[in-house]
Amino acid sequence: KKIDNLYLKVIAGSLPLGLLIFFFPALYGEGYETLKLILSGHGTDILDTSLFHSFKDNELIFIVILIAIIFLKVIAMVMTNGAGGVGGIFAPSLFVGGLTGFVVALVLNKASFINVPVSNFSLVGMAGIMAGVMHAPMTAVFLIAEITGGYTLFVPLIITSLVSYLTIMYFEPHSIYHKRLAEKGQ
């Protein structure tokens, strides 16, 4: 916001963004390819096109890299928007939620006494982040139920979306879509 020169704004946003995408190609675009890999059971292939592909077999380092990608996706979205591009809200929310659910499932599966379905956790994570970011828990529940083509995840979707929504309402009473209007008193 503080940079008035359009060219400087584009350079200041695009150079660091280009570096992030070079090191973490999963950050490029809306993230649907990454989500397809996770949901099809090929989540470890996320790093195939990156410089870190040799670490996909080391579970601990793989999880750390995925956590870095989650946080860097938010930064990439902000840099894209700040540079004048369209970083989006909907698709990055699904990406971050899906990847977060994937990481939670991987961490839980590291315990020898539990084995959870990775794709289900990814789908529920997508609903949780979407419900929180957009303040739309019912939309999140029904969208993910529609994506799965059934209602087998209905209860986990409802619980996750409700907890996410109630949590965000405590910290931020306005959705990302209404925040600017609220700041203007509208």
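Which residue forms a salt bridge with Glu33, and how far apart are the closest N and O atoms? The partner is Lys36, and the closest N and O atoms are 3.2 Å apart. This is a predicted model. The salt bridges in it come to a count of four. The largest pocket holds about 940 Å³ of space, and the second largest holds about 180 Å³. A nonpolar surface patch and one residue with a positive phi complete the briefing.

**Largest pocket**

- The space in the largest pocket is about 940 Å³.
- Its lining is made by 30 residues, and those closest to the centre are Met77, Val78, Ile89, Val133 and Ile176.
- Five elements give two or more residues to this lining: α3 (59-82), α4 (90-110), α5 (118-134), α7 (154-171) and α8 (179-183).
- Helix α3 supplies the largest share, with eight residues.
- By class, the lining of the largest pocket divides into 13 nonpolar, 10 polar and seven charged residues.

**Second largest pocket**

- The second largest pocket has a volume of about 180 Å³.
- Its lining counts 14 residues, and Pro25, Ala26, Tyr28, Glu33 and Thr34 are the closest to its centre.
- Six of the lining residues are nonpolar, four are polar and four are charged.
- Glu33 therefore has two roles in this briefing: a place among the residues closest to the centre of the second largest pocket, and a salt bridge with Lys36.

**Salt bridge within helix α2**

- Glu33 and Lys36 both lie in helix α2 (residues 32-39).
- They are three residues apart, so about one helical turn separates them.
- Is Glu33 buried or exposed? Glu33 is exposed, because its relative accessible area is 55% and the cut-off for exposed is over 50%.
- Lys36 is exposed too, with a relative accessible area of 51%.

**Salt bridges in the loop between α2 and α3**

- Asp45 pairs with Lys56 in a salt bridge, with 3.4 Å between the closest N and O atoms.
- Both residues sit in the loop between α2 and α3, and they are 11 residues apart.
- Asp45 counts as partly exposed at 25% relative accessibility.
- Lys56 is also partly exposed, with a relative accessible area of 23%.
- A network of salt bridges links Asp45 and Lys56 with Asp48.

**Salt bridge between α3 and α4**

- Which side chain meets that of Glu59 in a salt bridge? The side chain of Lys110 does, at 3.0 Å from N to O.
- Glu59 belongs to helix α3 and Lys110 to helix α4, so this pair ties together parts that are 51 residues apart in sequence.
- Glu59 is partly exposed, at 45% relative accessibility.
- Helix α3 also gives eight residues to the lining of the largest pocket, and helix α4 is one of the elements that give two or more.

**Nonpolar surface patch**

- Leu19, Phe22, Phe23 and Leu51 make a nonpolar surface patch of about 410 Å².
- Of these, Phe23 is found in helix α1, which covers residues 6-23.
- Phe23 counts as partly exposed because its relative accessibility is 36%, and partly exposed runs between the 20% and 50% cut-offs.

**Backbone at His135**

- Most residues other than glycine have a negative phi.
- His135 has a positive phi of about 55°, although it is not a glycine.
- His135 lies in the loop between α5 and α6 (137-148).
- Is His135 buried or exposed? His135 counts as buried, with 16% relative accessibility.

**Buried residues and C-alpha separations**

- Ala91 is located in helix α4.
- Ala91 is buried, since its relative accessible area is 13% and buried means under 20%.
- Its C-alpha atom is separated by 7.1 Å from that of Gly31, and the two residues are 60 residues apart along the chain.
- Val116 lies in the loop between α4 and α5.
- Val116 is buried, with a relative accessible area of 13%.
- The C-alpha atoms of Val116 and Leu106 are separated by 8.4 Å, with the residues 10 apart along the chain.

Note on methods: Residues are numbered from 1 along each chain as its sequence is written. This is a predicted model: local features need pLDDT of at least 70, side-chain atom pairs count only at pLDDT 80 or more; totals for chains, interfaces and linings use all residues. Side-chain values use heavy atoms; hydrogens and water are left out. Patches are made of residues with over 30% relative accessible area and no salt bridge: like charges are joined within 9 Å, nonpolar side chains (Val, Leu, Ile, Met, Phe, Trp, Tyr) within 5 Å. Accessible areas come from the Shrake-Rupley method with a 1.4 Å probe; for residues, only the protein chains shown count as cover. Helices (H or I, at least four residues) and strands (E, at least two) are DSSP runs, numbered from the N terminus. Buried means under 20% relative accessible area, exposed over 50%, partly exposed in between (1.4 Å probe, protein chains only). On a 1 Å grid over the protein atoms alone, a cavity is a set of points where a 1.4 Å probe fits but cannot get out, and a pocket is an open set with protein on both sides within 12 Å along at least five of seven lines; lining residues have an atom within 4 Å of a point. Grid points are joined across faces, edges and corners, and a volume is the space filled by probe spheres set on the points. Ala, Val, Leu, Ile, Met, Phe, Trp, Tyr, Cys and Pro count as nonpolar, Asp, Glu, Lys and Arg as charged, and the others, Gly among them, as polar.
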